[in-house]
Amino acid sequence: MRGDRWLLRTENTTYAVALAGDGRWAELTAWGPHGAETGPSALDWSRRTHFITPADLAPAEYIPYGLRPFTGADLVAQRPGEERGVWWTFTGATRQGDSSLRLVFTDETLGLTTALCYETVPGTDVILRWTELTCTAETGLRLERFDSAAVNIPVTGGARLTYLTGQWSQEFQLTQLELARGSFGMSSAQAVPGHAYAPWLAVQDAASPAEGATPTYGVALEWSGNWHITTDAEPGGAVRVRAGRVPHEGAVRLAPGGTLTTPRLACAFSPDGLDGLARVWHRYERRLTGDRMHRPRKVLYNSWEATGFDVDAATQLELAGIAAEMGAELFVVDDGWFTGRSDDTGGLGDWYTDPASFPDGLDHFIAQVRDLGMDFGLWVEPEAISPASGLYAAHPEWVYRLEGRPATLVRNQLLLDLGREDVQDFVLGTLDRLLDDHAIGYLKWDMNRPPTERGRPGGGPVEEQDLDAAHVAGYLRVLDHLRTRHPHVTVEGCAGGGGRIEHATLARTDVVWPSDNTAPLDRLAIQYGYLHAHAPHTMSSWVTDAPGVFDPRPRSLGFRFVTAAAGVLGIGADIRHWSEERRAEAAGWIARYKEIRDVVHHGEARLLNSPADATCGAQYEEPGGGRVVVTAWNTGRLDGAPLVPGRAARLRLRGLDPAARYRDPASGVTYSGAHLVHSGVPFAWTERYDAELVVLLRE
Ligand code: GLA
């Protein structure tokens, strides 16, 4: 048994796992480019420190408390009322070529079988890992910790961690720290991934630069509820990332004969720094989108910032008319369209069109929008409920609550217990009714309120509940239903901005809303972070009125259009007040975007510089390399030199064929690939000219 080794191979990488510790654990021996597995393990930390067990030092793939008592275990299990700990042995491996692997460990005394599962994702450099825990004990088991996986990172000099952090309106701020020793944890207890941290992490050797040819490892957790990702730089020098869901009740009960399957942890590798890792994630997310990649994402107009809760058909139609003239393809009425919703104190749960807003009915309005040549979309917040709603009067028991305790209001609303089947059926019925009865092609699913008093009175013993997992299952059930029952409907995921963005959501929606902050420079930073983890075709982005609610720094209309064109372009400004000239300029940008959106959404993206630089951008290369689109911004950062018209800032492109020739039809200039990579595209920024969309055609 000793000496067993298994290899998993992706497009460009190998992940090598060997049995160790006399069959008591499996450990990582190599993870990197093909061939990295030939030679002694770079993760052998044994004998590096004393007073510790071999299992504590090992780069173990997954190891329970019991075998690994000191440095942090991935699994903590017990029979109710008894000591904690698992002492298992290896009992078998199943594999399919080098694309899937299942390693089984059994503790017969406790009554637990644990399968470590691996699957490569074709066409990507991603390996999915998860764990299946089966209870063979007659008593059932209590699981206090049941991570999806532990990922050992082959670094030698401490780790540089790159993560995405923030708050509402400042999501996805790309942040770094160096971890030589100790722990760094990110988590959410909000029943959604949350605004504070994305369930995503990149790890590099602290001694190497973040960009360039630096081996870069990444993990992302596919879970829409509570989670943690914890990185330990351990005493012996090992850097280990543990990730998984965190049950609201503190532990889950595994019933006799039951199996718990953890969420999947996607593990990615790129030899090309954070930017290379971003491309691995982009490719993976294009795969998650599947066939729906071939559906062009329509240019949207959303009236939320223009009219707020004051939704009336006449004003909406006026906006729709202007939007259509500018080239918008989809008109979305956001919050405020339904009964009782004149502000944020009421209405949620009563999903019926407000006759005061739409005196001739919603269908009449939709027909008018469609006559303008646009598709129609609607905002909903299916999990939300206003205390003043008819739904609450009829079903107070559908809300998360604690008997005898006051309810906390967040944004004046409560949250439905979507883990209940009757609540799910209500939500499904509501969405079916709306989508069957009206010609709706787009649904924006929002979620603005995390649970506070998270209880289900009458729902059985609390220690047997798993409310977080139940809510996630309900949410995914409804999203899956939308896809099968209403396949033509495009779904946008939103949670007070970017509060619920992870792979389970991205696999079931078409676009997501990264942030409510659309102010130009703030948005640029948000998108810069977002694109490190997520693909451009998922990134909804609006052009809104400047300077904007959050960020007073002025930028041009062009700047805002190029920013939104870096993902899925929409307009959210009050275009009633735009001059003819401004509308014509907008129409020009929209027309240009329509010509290149396929390259932005399907191409290989490279992030050029960062918003902290005076000039930054993104490069999108069409599959096959025929067209290269460059979005470029002058961030207004002062670099000591005056803005002199004609003085060129340069943005160096990457990855192009040096011998090929690329023509910019707008300027008539032809560049060699070598010139674009070595010297860059020139931009003669002025105070008003602060962004550009360049299309380069390979000759
Ligand atoms: C949330 C969303 C916004 C908007 C409002 C409506 O804040 O993130 O885009 O839909 O709700 O109430």
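Modeller: Contact here means heavy atoms within 4.5 Å. The model we are discussing is predicted.

Colleague: Leaving aside neighbours within four places in sequence, which residues is L103 in contact with?

Modeller: The cut-off is heavy atoms within 4.5 Å. Neighbours of L103 within four places in sequence are left aside. What remains is W6, V17, A26, F90, G92, A93, T114, A115, L116 and Y118.

Colleague: In the largest nonpolar core, which residues touch the most other members?

Modeller: In soluble globular proteins, nonpolar side chains tend to be buried together. The largest nonpolar core in this model has 194 residues. Those that touch the most other members are L103, W337, F561, I575 and W578.

Colleague: How many residues does the other core, apart from the largest, have?

Modeller: This core lies apart from the largest one. Among its residues are L608, A632, L676 and W685. Its residues number 16.

Colleague: How much space lies in the largest cavity?

Modeller: Rolling a probe the size of a water molecule over the atoms shows where empty space is left. Counting cavities of 30 Å³ or more gives eight. The space in the largest cavity is about 90 Å³.

Colleague: Which residues lining the largest cavity are the closest to its centre?

Modeller: The lining of the largest cavity is made of 13 residues. Both α10 (520-533) and β32 (615-621) supply at least two residues of this lining. The closest to the centre are L524, Y528, L607, G617 and W633.

Colleague: How many residues in the lining of the largest cavity are charged?

Modeller: By class, ten residues of that lining are nonpolar. Another three are polar. The number of charged residues is therefore zero, because Asp, Glu, Lys and Arg count as charged and the lining has no charged residues.

Colleague: Which element gives the largest share of the lining of the second largest cavity?

Modeller: The second largest cavity has a volume of about 70 Å³, and its lining includes L164, E171, H195 and Y197. Two elements, β11 (159-165) and β14 (197-205), give two or more residues to this lining. The largest share, three residues, comes from β14.

Colleague: What distance separates the centres of domain 1 and domain 2?

Modeller: The domain assignment gives domain 1 as 5-290 and domain 2 as 299-457 + 491-595. The centres are taken over C-alpha atoms. The distance is 35 Å.

Colleague: How many residues does the contact take from domain 2?

Modeller: The contact is between domain 1 and domain 2, and domain 1 gives 34 residues to it. From domain 2 the contact takes 36 residues.

Note on methods: Residues are numbered from 1 along each chain as its sequence is written. This is a predicted model: local features need pLDDT of at least 70, side-chain atom pairs count only at pLDDT 80 or more; totals for chains, interfaces and linings use all residues. Side-chain values use heavy atoms; hydrogens and water are left out. A nonpolar core is a set of buried Ala, Val, Leu, Ile, Met, Phe, Trp, Tyr and Cys residues joined through side-chain atoms within 4.5 Å. Buried means under 20% relative accessible area, exposed over 50%, partly exposed in between (1.4 Å probe, protein chains only). On a 1 Å grid over the protein atoms alone, a cavity is a set of points where a 1.4 Å probe fits but cannot get out, and a pocket is an open set with protein on both sides within 12 Å along at least five of seven lines; lining residues have an atom within 4 Å of a point. Grid points are joined across faces, edges and corners, and a volume is the space filled by probe spheres set on the points. Helices (H or I, at least four residues) and strands (E, at least two) are DSSP runs, numbered from the N terminus. Domain bounds come from an automatic or database domain assignment.
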